[in-house]
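Work through the two exercises below with the model open. Each has a task, then a solution in steps.

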Amino acid sequence: MACLIAAPSSGSGKTLLTLSLIAWARQQGRSIQPFKVGPDYLDPQLLTAASGRPCRNLDLSLCGEDWVRGSFLRHGSTADLAVVEGVMGLFDGIGPSSDGSSAAVAAALQLPVVLVVDASGQAQSLAALVRGFQQHDPSLRLAGVVLNRVSSPRHRELLDAVLDGIEVPLLGSLPRNLSLELPSRHLGLAPAHELERLEGRLEAWASLAQEHLDLGALLPLLQPPSSRVPPLESLHAEPPNGTSRSLLPVAVAQDAAFHFRYPEMQESLEALGMPVLPWSPLADEAIPEEATGLILPGGFPEQHAAALSECQQSLTALRHWFRQRPLYAECGGMLLLGQTLTDLEGRAHPMAGVLPFGARRGDLQVGYRQLTATADSLLLRKGERYVGHEFHRWSLKTVGKEESLWQVEGWRSQRREEGWNLNNVHASWVHLHWGGCSTISCRWRAALEAGATARAGAS
C-alpha cells in the first residue's frame with residue numbers, strides 16, 4: 001500500500017522527498033500517482049509536473065471520507081506506484097485539533113507513515129522527537145524515518161545509531177543541498193510554471209533518491225491500491241431517458257495569473273457536457289464567443305496587476321459579460337472584477353470595475369470556513385451549508401452594499417457575511433472543491449441551460 005509522507009512541521013522536506021521518489025520512479029519507467037493532503041494548490045502543481053499525472057487532493061474537511069477514499073482508489077489503482085504527501089505537521093488539523101490532518105487521512109486510508117525530519121543540529125534529541133510522534137497516536141504505523149539536511153557522513157552515522165536504539169528504520173538520509181531548495185513567495189512555494197530547469201531538477205531529484213534513499217525499503221511503501229471504483233464519468237451518466245446532453249462550453253481563466261483549480265472542476269464540467277475553453281486574461285484575449293459560462297479561479301493576479309490593467313480587450317469582455325451570463329469567481333479571480341488591485345509593491349491598478357471594491361495587501365486569512373447560504377443564488381439555496389477554504393493576503397475596501405452569498409465562520413475567524421450574490425454572478429474569497437459538492441456542477445449546468453434557452457427565445 002502507498003505511504004503518507006509526513007513531518008513534524010512545514011519546511012521539513014516533505015515535498016523534496018516526494019519529488020525525489022516521483023522523479024526516480026519516472027526515471028525507472030514507472031508511472032506514479034501523486035496525492036496531496038489538504039486544500040493546497042501549489043505543491044500539487046509541482047507533483048503534477050514531476051509525475052505527468054494530475055495530483056489529487058485528499059481533503060477530508062472539504063470532501064468527506066467517502067469521497068477521499070473513492071478518489072484514492074480510483075486514481076491510485078491506475079498507476080504502477082502511488083504516493084501521498086501530507087500537509088503541515090503530521091497531526092496539524094483545524095485549529096488545535098487533528099481534524100482533517102495528515103494523520104486523519106492516514107487513518108482513514110490505513111496508510112503507513114514515513115516521517116521526514118529536519119535533522120540539522122540534532123543527535124539524541126531525534127529519538128525523543130520520533131518517539132513522541134510514535135506515541136501520540138499508536139494506531140498509526142510509522143514505517144520509518146527519512147532525515148533531511150544531514151550535514152556530513154559522520155552526522156548520518158550518529159543519527160542512524162540513534163534511530164537504531166529506538167528500533168525505528170532509517171529509510172534515507174538527504175544531505176543539505178541549497179541547489180535543490182524550492183523557491184517560495186507570500187503564499188507558499190512558487191508555482192510550477194515559474195520553476196526553472198525542470199528537466200534538470202527532475203534528474204537531480206532522481207539522483208538524490210538513488211544515492212541517498214533506501215529504495216529497497218521504500219518501494220513496497222509505494223505500491224498502489226488494488227481496489228478499483230467507477231470512473232468519475234459514470235457518476236454523471238447520461239439522463240435516464242436516453243437523451244444526450246447538449247454541449248455548453250465554459251471559458252475558464254488559465255494563465256500565470258489564474259491557476260488555482262482542482263482537476264475535478266474540469267472533469268466535472270466535461271462529464272456533464274460542458275467542455276472547457278481555456279481563456280487567458282493576461283494575454284489580453286477576448287472571451288471565446290461560444291462560451292456559455294465563465295469561471296475565474298484563484299491565482300496570483302496581484303503579481304500581474306500592472307499587466308492585467310493594460311489588457312483592455314479582456315477587461316472590456318468581462319464588463320460586457322457581467323450579469324449577462326453565468327460567472328463564477330473565487331479568490332484571485334474575484335479580484336479581477338474589482339475597481340482596483342494593489343500589486344506586490346503597493347501600487348494600485350485599475351481592473352474590470354464591475355464590483356464595488358478596491359483590493360490591497362492585508363492580513364493573512366487562512367483556514368476552513370463553514371458556509372451558510374443567506375439567500376438563493378446562482379449556485380446556492382438559502383440555508384444550505386457548505387465547507388470551503390480561504391487563503392489570501394489581500395483585503396477589500398468596499399463601497400456600498402450588495403446582497404452577500406453566505407455567512408462565513410471558522411476557527412478564530414469572526415462570523416461575517418461575505419461574497420457577492422448578483423444576477424448570474426457568484427463571487428467570493430472562499431474556494432470550493434467541486435468534487436466534494438456535486439450539486440455545484442449540476443446547478444452550474446442548469447444555469448447555463450437556462451441562459452441558453454433564454455437567449456434562444458430572445459433571438
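**Exercise 1: a pocket lining**

In the second largest pocket, β19 supplies the largest share of the lining, six residues. The model is predicted: local features need pLDDT of at least 70, side-chain atom pairs count only at pLDDT 80 or more, and totals for chains, interfaces and linings use all residues. Numbering runs from 1 along each chain as its sequence is written, and side-chain values use heavy atoms, with hydrogens and water left out.

Task: describe the space and lining of the second largest pocket.

Step 1. Fix the terms. A pocket is an open set of points on a 1 Å grid over the protein atoms alone, where a 1.4 Å probe fits, with protein on both sides within 12 Å along at least five of seven lines; lining residues have an atom within 4 Å of a point. Strands are DSSP runs (E, at least two residues), and helices are H or I runs of at least four, numbered from the N terminus.

Step 2. Take the volume, the space filled by probe spheres set on the points. It is about 450 Å³.

Step 3. Find the centre. Of 21 lining residues, T398, E417, E418, G419 and W420 are the closest to it.

Step 4. List the elements giving two or more residues: β18 (357–373), β19 (385–398) and β21 (413–418).

**Exercise 2: a sheet**

Task: which strands stand at the edges?

Step 1. Write the order: β12-β10-β13-β15-β23-β22, an open sheet with mixed pairing. Strands pair if DSSP finds at least two bridges between them.

Step 2. Read the ends. β12 (276–279) and β22 (420–422) each have a single partner strand, so one side of each lacks a neighbour in the sheet.
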